[in-house]
Amino acid sequence: MTEFVSTDIRGRISFITLTRPKALNALSHDMIRAITSALDAWRDDPHVLAVVLRGEGEKGLCAGGDIRYFHEAVTAGRTDIMDFFTDEYTLNYTIATYPKPYIALMDGVVMGGGMGISQGAALRLVTEATRMAMPETAIGLFPDVGGGRFLASLAGHLGEYLGTTGVVFGAVDACEIGLADAVVPRTELPVLCERLASGDWPDSDAVLDAARAFARQSVPPAGLAPGKLAPLRDVIDHHFGLPDLPAILASLKREARCEFVGWAQETEDLLRAKRSPLMVCVTLEQVRRARKLSLADELREEWLMMRCVFNLDGRTGAEGIEGIRAMVVDKDHAPRWQHASIEAVTSADIARFFDGDRLGADHPLRELGR
């Protein structure tokens, strides 16, 4: 396969293992191609009944895409960076529509691109160590890899809240809000893999049923942190259902209920001081638009948005490059965003991210899902 992806068929189960633990299994272009190639090969293989995705190491399944590569490619003036997103988004769609059960073991850090290769799974298992987020606005990006669509599918306005703030949450929250299906102790994941690999399964449905039964019968893992989102659902809907970010921020500032005032202040501070003003506004619009889009259309839209965020269309300023520089490359944690505040972002600034033709003849994903 490739240096950082290994594949193995045991019994009638295929395993994909991300083997880049020192980088939290961050996805390179070669890794994306290798996963796609494996799934294509197994799609029509009658011997393979199901696929299991897992990550090597104890820190996480996948922390996202290789953002250092994004910075290097764009600053070098290369435009082939969009080939990365074409292939990644195609993989996201392939997983979501795969004809055989695809089981994601979402242990440890699962963020960004790691969510993209997990959320389309037939079964999403988390553990006591799971730390999940779509944190892209902190580095001048937006929740891509279908993020607009799976955030938009959440109840109320949780999608707007999680997408704009990028807050991290654990296994209990993931299951309660619908971004995971069950919690399994991380020590039991190898047991599950062995049981699936050694089973005499008549068909794919039997494999999936067995995996689900295993999860239901698992004893809750020790050290499982309680959820934090459920008690906030009403207050999140109250604030993040407002028309735009300035209105949301003003509402957060007015929050006076003693049980929520601390959260409101922390949320306002987070949005103002630690996120790209432009990209939190763009993300709010993205999630709301995604509620009316299919996954294929959302991925096509995200591809066009990514051209904007790296200024490959020459109109918007490279917000993503500045964010990656400040937070990952130079690590000065002082990004020079295009806008001094959220209030300075105009409707025209936001609209530029959404004025492309999703079904244009030159769009590389125009045939996705058609």
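**Group meeting: from one histidine to the whole chain**

Good morning. Let me begin with a single residue: H239 is located in helix α10, which covers residues 233-240. Please keep in mind throughout that the structure before you is a predicted model.

Is H239 buried or exposed? Its relative accessibility is 1%. Buried means under 20% relative accessible area, so H239 counts as buried. Which residues does H239 touch, once those up to four places away in sequence are set aside? They are I248, S251, L252, E255, R257 and W263.

Let us turn to a second helix. Helix α1 spans residues 29-43, and T36 belongs to this helix. T36 has a relative accessible area of 18%, and because the limit for buried residues is under 20%, T36 is likewise placed among the buried residues. Consider also T36 together with D87. Along the sequence, 51 residues separate T36 and D87; in space, their C-alpha atoms are 8.4 Å apart.

My next topic is a pair of strands. Strand β1 takes in residues 5-10 and strand β2 residues 13-18. The two run antiparallel, and six bridges join them. Within this pairing, T7 stands opposite I16 in β2. Together β1 and β2 form a hairpin with two residues between the strands. What is notable about the backbone of G11 in this hairpin? G11 takes a positive phi, near 65 degrees.

Having looked at these parts, we may now consider the chain as a whole. How many helices and strands does the protein chain contain? There are 16 helices and nine strands.

As for overall dimensions, the C-alpha atoms fill a box of roughly 60 × 50 × 40 Å along the principal axes. Why may we compare the chain with a compact globule? A compact globule of 370 residues would have a radius of gyration near 21 Å, and the protein chain has 20 Å, so the two agree.

Burial and contacts complete this view. Of the 370 residues, 56% count as buried. Taking contacts between residues at least 6 apart in sequence, we find that 72% join residues at least 24 apart.

Finally, the surface and the charges. The protein chain exposes about 15,000 Å², and carbon and sulfur atoms supply 51% of that area. The chain carries 40 positive and 52 negative side chains. Where do the centres of these two sets lie with respect to each other? They lie 1 Å apart.

Thank you for your attention.

Conventions
Residues are numbered from 1 along each chain as its sequence is written. This is a predicted model: local features need pLDDT of at least 70, side-chain atom pairs count only at pLDDT 80 or more; totals for chains, interfaces and linings use all residues. Side-chain values use heavy atoms; hydrogens and water are left out. Helices (H or I, at least four residues) and strands (E, at least two) are DSSP runs, numbered from the N terminus. The radius of gyration is taken over C-alpha atoms; the globule rule is 2.2 Å times the number of residues to the power 0.38. Buried means under 20% relative accessible area, exposed over 50%, partly exposed in between (1.4 Å probe, protein chains only). Contact means heavy atoms within 4.5 Å. Accessible areas come from the Shrake-Rupley method with a 1.4 Å probe; for residues, only the protein chains shown count as cover. Lys and Arg count as positive and Asp and Glu as negative; His and the chain ends are not counted. The place of a charge is taken as NZ of Lys, CZ of Arg, CG of Asp or CD of Glu. Two strands pair if DSSP finds at least two bridges between them.
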